[in-house]
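Colleague: I have this one open at my desk and would love a slow, careful look at a single part of it. Please pick a piece, tell me how it sits against its surroundings, and then place it in the wider picture.

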Amino acid sequence: MTTELPLSPEEKDLLTTLAKTADREKRLAALSSVIAAIGLTSFKIVVGAATGSLGILAEAAHSALDLVAAIVTLFAIRISGKPADKEHLYGHWKVENLSALFETFLLLITCGWIIYEAIQRLLSKNIKIEVTIWAFIVMLVSIIIDFTRSRVLYRAARKHHSQALEADALHFGTDVWSSSVVIGGLFLVKLSDWIPSLNFLRQADAIAAIVVAGIVIYVSIQMGIRTIRGLMDTAPQGMVDQIKTIVESVPGVINCHNLRVRYSGPQIFVDAHILVSPNQSIVEAHDLTKQIEARIRQIIAGADITVHPEPKED
């Protein structure tokens, strides 16, 4: 006998309302990222082209990639919010994992281009950069917007366990650090204008671009590993042992085995087999599974839980 905790009509209505609210909040967060990315990309392209700064152009490419990623995230959020159907019995949550993986590939490709262009500039020795006040303004504005958007997205990602929003937040978060590096490179270039003997510092812009690419590559790889773990249904670290301990502490449970835990987007699924006394009636076994599901939901709110009781053989 396999049981799930039955929900009353009121509870079903509440869950539906909460799901719609969560979906709306996630969509608004994703849409705001698209708008912010459009503004930042346009600003950086104009200033980067005007100054000739590869660091700013690298940041413009990074922001353009953020724009593509934000659009992909927005569509992923829309699809993942659809309810389960006959073809997708576990829902459409995996779309968020695929979205995060796609963003990772885009980041790595862009970083390859940035490193290539930076090396070409370092080898050519022909570096012409006009550092104006606008170069610093665009990067400072970028830091403020990126920091704000990153906090909003991380908050929404943690609240709704959204890997797609987390990937988007990661993009904006890395932009804060990379923009800071570019500002440092621009300052050194300007310093070489003030002190001609420090002309070698004009290469700092290209070096800053390489540092930006290195930061993004590292973060992208980390995000890619986590995304692949999600697609491979890797159980959250330590959660299996924690659930097993909780289940076996329920009076009437002799043993908990064949325990499986996996995430599908923000939704977590728990399947467990338990050994119970063969003298229990169906009603008693059913009540026991309800207690187990209630205990598990105390540590994993909103979990989709299935408990299969088995009689212990003499």
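Modeller: Happy to! Helices here are DSSP runs of H or I with at least four residues, strands are runs of E with at least two, and both are numbered from the N terminus. Please keep in mind that this is a predicted model. With those runs in hand, the protein comes to eight helices and three strands, and along the sequence they follow the pattern α-α-α-α-α-α-α-β-β-α-β. Of the 314 residues in the protein, 45% are buried. If you take the contacts between residues at least 6 apart in sequence, 74% of them join residues at least 24 apart.

The part I would pick is helix α7, which covers residues 239–248. Its buried residues are M239, I243, I246 and V247. Looking down the axis of α7, you find these buried residues within an arc of 95°, so they line one face of the helix. Turn to the other side of α7 and you meet D241 and T245, which are exposed.

What lies over that buried face? The cover for the buried residues of α7 includes strand β1 (255–264), strand β2 (267–276) and helix α8 (282–299).

Let's stay with α8 for a moment. The axes of α7 and α8 come within 9 Å and cross at roughly 140°. An angle over 145 degrees would count as roughly antiparallel, while 65 to 115 counts as roughly perpendicular; α7 and α8 are therefore oblique to each other. The crossing in which α7 passes α8 is right-handed. On the α7 side, the residues in this contact are Q242, I243, I246 and V247, and they meet I292, R295, I296 and I299 of α8. Sorted by class, the contact of α7 with α8 has six nonpolar residues, one polar and one charged. Notice that I243, I246 and V247 appear among the buried residues of α7 and again in the meeting with α8.

Now for strand β1, which is among the elements covering α7. R262 has its place in β1. An arginine may catch your eye here: R262 has a relative accessible area of 19%, and the limit for buried is under 20%, so R262 counts as buried. Setting aside neighbours within four places in sequence, R262 is in contact with Y90, K94, D233, Q267, I268 and F269. R262 and L231 are 31 residues apart along the chain, and their C-alpha atoms are separated by 9.7 Å.

For the wider picture, let's visit helix α1 (residues 9–51), where T41 is found. T41 counts as buried at 7% relative accessibility. Apart from neighbours within four places in sequence, T41 is in contact with A60, S63, A64 and L67. Helix α1 is also the place of A36, which is buried with a relative accessible area of 13%. Leaving out residues up to four places away in sequence, A36 touches I145, R149 and F172. From A36 to S63 there are 27 residues in sequence and 9.4 Å in space, C-alpha to C-alpha.

To come back to our helix: α7 has buried residues that line one face, with D241 and T245 exposed on the other side, and its cover includes β1, β2 and α8.

Notes:
Residues numbered from 1 in each chain as written. Predicted model: local features only at pLDDT ≥ 70, side-chain atom pairs only at ≥ 80, totals over all residues. Heavy atoms only, no water. Buried < 20%, exposed > 50% of the residue type's maximum accessible area, 1.4 Å probe, protein only. Contact = heavy atoms within 4.5 Å. Arc of directions from axis to C-beta. Axes fitted to C-alpha atoms, helices over the stretch in contact; angles between N-to-C directions. Parallel < 35°, antiparallel > 145°, perpendicular 65-115°, else oblique. Left-handed = near helix turned anticlockwise from the far one by under 90°. Nonpolar A, V, L, I, M, F, W, Y, C, P; charged D, E, K, R; others polar.
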